[in-house]
Amino acid sequence: MDQSIPLVISSICAGSLFLAAFLLLSGLVRNNSVANRWLAAFFLALSLLFIQLLLEQNTSSNFYLIYLSEWSRWAIFPSLYMAVYSFVQSKKPSLLLTLHFLPALLFAFFTLSGKDNLPSWTAFFVRYFFFMQGLVYGVLNLRLLYAHKQRIRQLLADKASDLSWLRNLVYAPVVIAVMWLAFRRLPAADSILYLICLGLTLYFISAALRQRIVYPREVALLDHKPKASSDSQRLTPPQIDLLKKRVALVVEQEKPYLDPALNLKMLADRIGISTHELSLVLNQGFGMNFYSYVNGLRAEEAERLLNSGSYGRGDMQTIAFSAGFNSRTTFYAAMKKLKQGEKKI
C-alpha cells in the first residue's frame, strides 16, 4: 500500500477532529453545553490518536513522543461516556464519574515519570485494553440510552427526543475497536481501515454539529421521582381500580390524547391526581407506560377516522395529525402495534 495514503487520511482525521473540538468548546452548538464539552474532549482524544498514528508512520519520529501520546486512547471511551451521560441526564455529572479516567491518568503519570517501558506483566493488558474499553463502554452507553428512552416514554406521548445520531455515535467507536483488533495484523487491509475511519470521523463531526434534541425541556421539568418510598406514595389495589375508572372516564369524555402536546403532567392535571399517581395507575392498572397508553388511544382514533369513510388511504398524514400524532414514525409504529394486537385477539 502506498504509505502516503495513511499519512493523508490520518492528517485529515486529526485536523478535522481538532477543529470540531474547538468549535464545540467555542459554543457553536449552544444547547447541551456540558455534554458538548465532553464531546469535544472525545474528539480531542481521537485527534491525538490519529496524531500518534502519524508519528508512527514517520520513521524519523521520536519514540518517546509516540509513547507519550499513547495515553490519549485510554481517554477516548470515558470521554464519550461522560458526553452521553450528560446528554441524557438533566443533572450535572457526579465527581465520582471522573474515576472512569483513572486508567488514563495512571498511564500518563507512569509515562511522565521517565520510564519508557511498562512492566512486562502489563504487556497483554495494554495491548488489548483499547478493544476491551470499546466493548465495555459501548454496553454502558447503550444502557444509558435505553434508560433515557424508557424515562421519556413515562412522561411524553410523542417523539420528542432524537436518539439516532447519538446512538450511532456510540456504535461507531465500538466498530473502530473491533476493526482495530481484526486488522491490526493485516497490513494489506490498512487502506480499507483508514478509509472507514475517515468516513466515521466525518460522520462524528457532522452528527455533533447538527445534533438534535436528546433531553427535551419537558422531560427535565417532569422527570422527578419521590425522594423515598413510603406508604403514602403507594396506592392500594382498590385505589388503583378507582383511579383507573377516573382516567378512562376523562379520556372517553374529553379525548385529551388529541392534543399533540399532551404530556404526563397535563393529563394528571385534567384528571386531578399527581403525576406519580398517574404513572402508577398506567403501569399497574393498564399495564402500559404513558407513551404506549396515549399512542394506543391515538391509534384507535386513527382507525376510527379511517373506517369512517371521510378519509382515503392517501390521507394518512392528515389522519395521523387529526388523531393527535406529532410524527409519522410514531403514528406508523402505533398503528402496527394496534394491528398486531387485533390479530392476537
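**Exercise 1. Get a first overview of the protein.**

Let's start with burial: 43% of the 345 residues of the protein count as buried. Keep in mind that this is a predicted model. Next, look at the secondary structure: the protein has 15 helices and 0 strands. Then turn to the surface, where the protein exposes about 18800 Å², with 61% of it supplied by carbon and sulfur atoms. Finally, consider how the chain meets itself: among contacts with a separation of 6 or more, 75% are between residues 24 or more positions apart.

**Exercise 2. Work out why C13 and C197 form no disulfide.**

Begin with the whole structure: a search finds 0 disulfides. As a reminder, a disulfide is a covalent bond between the sulfur atoms of two cysteines. Now take C13, whose closest cysteine sulfur belongs to C197, 6.7 Å away. The cut-off for a disulfide is sulfur atoms within 2.5 Å. The sulfur of C13 is therefore too far from that of C197 for a bond. To finish, check burial: C13 is buried at 0% relative accessibility, and C197 is buried as well, with a relative accessible area of 10%.

**Exercise 3. Find the largest nonpolar core and say which helices build it.**

This core has 55 residues, and L39, F42, F43, I76, F87 and L166 touch the most other members. Now trace the helices: those that each supply at least two residues of the core include α1 (4-25), α2 (33-57), α6 (123-153) and α7 (164-183). The largest share comes from α4, with 12 residues. One last step takes you elsewhere, because another core of 25 residues lies apart from this one, with V250, L264, I273 and F290 among its members.

**Exercise 4. Describe the ring pair of W74 and F129.**

Start with the count: the whole structure holds 10 aromatic pairs. A pair of aromatic rings is described by the distance of the centres and the angle of the planes. For W74 and F129, the centres are 4.5 Å apart and the planes are at 25°, so the pair is stacked, as planes under 30 degrees apart count as stacked. Next, place the partners: W74 is in helix α4 and F129 in helix α6, 55 residues apart, so the pair links distant parts of the chain. Both are buried, W74 with a relative accessible area of 6% and F129 at 11% relative accessibility.

**Exercise 5. Locate charges that sit over rings.**

First, find R153: its charged end sits over the ring of Y291, 3.9 Å from the centre. Then find K244, which lies over the face of F286 at 5.1 Å from the ring centre.

Notes: Residues are numbered from 1 along each chain as its sequence is written. This is a predicted model: local features need pLDDT of at least 70, side-chain atom pairs count only at pLDDT 80 or more; totals for chains, interfaces and linings use all residues. Side-chain values use heavy atoms; hydrogens and water are left out. Helices (H or I, at least four residues) and strands (E, at least two) are DSSP runs, numbered from the N terminus. Buried means under 20% relative accessible area, exposed over 50%, partly exposed in between (1.4 Å probe, protein chains only). Contact means heavy atoms within 4.5 Å. Accessible areas come from the Shrake-Rupley method with a 1.4 Å probe; for residues, only the protein chains shown count as cover. A nonpolar core is a set of buried Ala, Val, Leu, Ile, Met, Phe, Trp, Tyr and Cys residues joined through side-chain atoms within 4.5 Å. Rings of Phe, Tyr and Trp (its six-membered ring) pair if their centres lie within 6.5 Å; planes under 30 degrees apart count as stacked, over 60 as edge-to-face and the rest as tilted. A charge sits over a ring if NZ of Lys or CZ of Arg is within 6 Å of the ring centre and within 35 degrees of the ring normal.
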